[in-house]
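Open the structure in your viewer and show it as a cartoon. The tour below goes from one selection to the next.

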Amino acid sequence: GKYVYIDPYKGGQIAVLESARNIVCTGAKPIAITNCLNFGNPNDPGIYWQFKNAVTGIGDACRKLGTPVTGGNVSFYNETKDCAVYPSPVIGMVGEIENIENHTTMEFKDSGDFILLLGSLSGSLGGSEYLKTIHGKIEGPLANYDIDYEIAVQELCLKLINKGIVKSAHDISDGGLSINIAESILHSKDESIGARLNIESKLRYDELLFGECQSAIIITLKEQDLITVISEAKDLNVH
C-alpha cells in the first residue's frame, strides 16, 4: 500500500515481482496470478489515477514474467469521511514445483552453512517500514529496479534449488536485510542457530540493515557448493 501510494505504477509492478520471488523461494516456477484491488472513490481523479497506473504496472509486470491474470476483484470506495485507504493491490500467485523433493523453506537449517545474497542491496529507505516506524514518514523515492535483472535473479535461485544445493531461500522485502535474517533465525527448528554477517558496503547502517529493495534473495548452502553458485551466477550476469 505504501509503495502504490508513493508511485502507483512501480508499486503495482513490485506487488507482482515480490509475489513471484516468494513463489521462486519455495522452489516453484510462477505461472499465474489473481488479484484483489482495494482503492478509494474512483470518482476522485487522484484515486482513479492511482488505480489506472497500478493496474497498468501489474499488467506490464505480468507480461514480462509470463504470468497471466486468471481473475480477481475490485473493491472501491474504501475510505472514511476524511481520506481513502492506501491503494492496495493484493496479488495471489500460483506456481508449480516439478519435483517436490526440491521444495524449499525460509528457515536456516545447519550451523556452518554459508549465507549468500543473490542480487544486490540498494539500501533504499523510500516507502520502507523503517521510515514509517522510526521516523513516522511515508515518502519516496522507491528503490530502482530492472525487471530483466529481477527475472535473472529468480531464474538463478530456481536453478540452484533444482540442483539440490539450496538449504533455505528467503527474499528481501518489508524491513530489509535485518528482518530477512531475523525471520530465518526465528523459524529455525534449531534454537542454537544464529547468523554472523560480514558485509563490505558504502551504505549507512540504517540503509544496509533496513533498506528495502527488489531482486534480492538470501540463500544458505554448504561451503563446498559455493563454486557452483558463482559459476551459475556468472552465466546469468547476477551479482
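Select helix 8, residues 226-236, in this predicted model. Helix 8 lies across strand 4 and strand 6, and runs at about 5° to strand 4.

Now select the sheet itself. In what order do the strands of this open sheet come? The order of the three strands is 4-6-5, and the pairing is antiparallel. Strand 4 (114-119) and strand 5 (168-171) are the edge strands, each pairing on one side only. On average, neighbouring strands of this sheet are turned by 20° against each other, direction ignored.

Next, colour strand 5 and strand 6 (residues 216-221). Four bridges join them in the antiparallel sense. Show the side chain of histidine 170: opposite this residue stands isoleucine 218 in strand 6.

Add helix 6, residues 176-186. Helix 6 packs on the sheet and touches strand 4, strand 5 and strand 6. The direction of helix 6 makes about 145° with that of strand 5.

Stay on helix 6 and pick leucine 186. Is this residue buried or exposed? Leucine 186 is exposed, because its relative accessible area is 72%, and the cut-off for exposed is over 50%. Its C-alpha atom is separated by 7.5 Å from that of glutamate 107, although the two residues are 79 apart along the chain.

Finally, select helix 3 (residues 45-65) and helix 5 (residues 147-162). They pack at an angle of about 45°, with their axes 11 Å apart, so helix 3 is oblique to helix 5. The crossing is right-handed. To see the contact, show Ala61, Lys64 and Leu65 of helix 3 with Ile147, Asp148 and Ile151 of helix 5. Four of these contact residues are nonpolar, two are charged and none is polar.

Terms used: Residues numbered from 1 in each chain as written. Predicted model: local features only at pLDDT ≥ 70, side-chain atom pairs only at ≥ 80, totals over all residues. Heavy atoms only, no water. Helix = DSSP H or I, 4+ residues; strand = E, 2+ residues; numbered from the N terminus. Buried < 20%, exposed > 50% of the residue type's maximum accessible area, 1.4 Å probe, protein only. Axes fitted to C-alpha atoms, helices over the stretch in contact; angles between N-to-C directions. Parallel < 35°, antiparallel > 145°, perpendicular 65-115°, else oblique. Left-handed = near helix turned anticlockwise from the far one by under 90°. Contact = heavy atoms within 4.5 Å. Nonpolar A, V, L, I, M, F, W, Y, C, P; charged D, E, K, R; others polar. Pairing = 2+ DSSP bridges.
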